[in-house]
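Me: Please take a close look at one part of this model: the pocket. Then set that part in the rest of the chain.

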Amino acid sequence: MPKIVDPEARRREVAEAVFRVARRDGLEQASLRNVAAEAGLAIGSVRHYFGGQADIMIFAMRYFAERAGERLRLRAGRLAVPDPAAPPAEHAAALEALFAELLPLDAERREEAEVWLAFVVGARTRPELRPLAAEMHGDLRSIALRVLRAAARTGVLRPGLDLEAEAARVHALVDGLTLHAVLQPESFGPEETRTVLRRHVAELTTVPAAGGC
């Protein structure tokens with residue numbers, strides 16, 4: 001009896017193989033052959049689901065974005081449906097935790113950050129990857145703005161903030177912290193990353209910097 005294969009599960013296996021190859025050997029080594037070998041699949045099996053290397057890269061990055069998005073949705077409850085009786089510090093902690101989900105503070109997020117960096121650098125010289133790189137860039141700005149608007153509804157943000165401008169600042173901060181954490185992990189680890197984020201959130205809110213992510 002032929003083996004029944006779940007196409008989406010197989011694609012996710014390939015995406016995880018792309019992550020491993022890109023982290024270990026660089027994005028340029030994530031060829032069909034190398035990814036198939038990493039996934040323990042015949043190259044023909046990978047070609048059955050993907051037309052080429054660009055298709056694999058685009059699927060893997062969308063899979064990465066979905067993973068990050070799911071984490072944000074799980075964290076978003078306290079801001080999306082705020083408790084009017086909750087103290088401002090609780091809302092500020094929820095804001096900090098949401099932004100922290102975008103940073104490489106654990107093994108899973110670090111893996112995603114390393115592959116994201118390889119992808120966006122590769123997109124500079126590979127036109128077929130540029131549309132998705134631009135889409136992801138815009139999505140992060142939109143996420144930052146939505147989170148700030150949700151925080152504003154709780155009343156925890158300082159009055160008079162330009163939320164569009166603050167979303168751009170958060171976007172730049174997240175990108176910069178991610179670069180530091182990926183490129184200089186010995187001198188800029190999770191604790192340093194959390195400290196910078198916490199101080200930025202304190203600037204945005206009426207709550208002094210304190211607590212953790």
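Reply: Start with the terms. On a 1 Å grid over the protein atoms alone, a pocket is an open set of points with protein on both sides within 12 Å along at least five of seven lines, while a cavity is a set where a 1.4 Å probe fits but cannot get out. Lining residues have an atom within 4 Å of a point. Grid points are joined across faces, edges and corners, and the volume is the space filled by probe spheres set on those points.

This is a predicted model, in which local features need pLDDT of at least 70 and side-chain atom pairs count only at pLDDT 80 or more, while totals for chains, interfaces and linings use all residues. Numbering runs from 1 along each chain as its sequence is written, and side-chain values use heavy atoms, with hydrogens and water left out.

Now the pocket. The largest one has a volume of about 820 Å³. Its lining is made by 38 residues. Those nearest its centre are A68, L72, L102, L140 and I143. By class, 23 lining residues are nonpolar, four are polar and eleven are charged. Here Ala, Val, Leu, Ile, Met, Phe, Trp, Tyr, Cys and Pro count as nonpolar; Asp, Glu, Lys and Arg count as charged; the others, Gly among them, count as polar.

Next, the helices that supply the lining. Helices (H or I, at least four residues) and strands (E, at least two) are DSSP runs, numbered from the N terminus. At least two lining residues come from each of α4 (53–75), α5 (77–80), α7 (107–123), α8 (130–154) and α9 (163–183). Helix α8 gives the most, with twelve.

Look along α8. R141 sits in this helix. R141 counts as partly exposed because its relative accessibility is 34%. The cut-offs are under 20% relative accessible area for buried, over 50% for exposed, and in between for partly exposed (1.4 Å probe, protein chains only). Neighbours within four places in sequence aside, R141 contacts A167, A168 and H171; contact means heavy atoms within 4.5 Å. V115 is 26 residues away from R141 in sequence, and their C-alpha atoms are 19 Å apart.

A152 also belongs to α8. At 36% relative accessible area, A152 is partly exposed too. A152 touches L157 and L163, residues up to four places away in sequence not being counted. A152 and A92 are 60 residues apart in sequence, yet 10 Å apart in space, C-alpha to C-alpha.

A92 leads to α6. In α6, the buried residues are H91, A92, A94, L95, E96, A97, L98, F99 and A100. Its 13 residues should span 18 Å at 1.5 Å a residue, and the end C-alpha atoms are indeed 18 Å apart. The expected span is 1.5 Å times one less than the number of residues.

Helix α9 adds a contact with the pocket's centre. T178 lies in α9. T178 is buried because its relative accessibility is 6%. Setting aside residues up to four places away in sequence, T178 touches L102, L103, P104, A113 and W116. L102 is one of the residues nearest the pocket centre.

Helix α10 (residues 190–204) packs onto several of these helices. T193, L197, R198, H200, V201, A202 and L204 are buried in α10. These buried residues pack against α6 (88–100), α8 and α9. The 15 residues of α10 reach 21 Å from first C-alpha to last, close to the expected 21 Å.

Now the N-terminal annotations. UniProt, in an unreviewed entry, places "domain: HTH tetR-type" at residues 8–68, and "DNA-binding region" at residues 31–50. Such positions follow the numbering used here, feature names are shortened, and annotations may be inferred rather than shown by experiment. Residues 8–68 are 80% helix and 0% strand, with end C-alpha atoms 18 Å apart. Residues 31–50 are 75% helix and 0% strand, and there the ends lie 12 Å apart.

A36 is in α2 (residues 32–39). A36 is buried, at 1% relative accessible area. A36 touches L41, A42, I43 and V46, again not counting residues up to four places away.

Finally, the whole chain. The protein chain has ten helices and zero strands. Of its 213 residues, 46% count as buried. Among contacts between residues at least 6 apart in sequence, 65% join residues at least 24 apart. The C-alpha atoms fill a box of roughly 60 × 40 × 30 Å along the principal axes.
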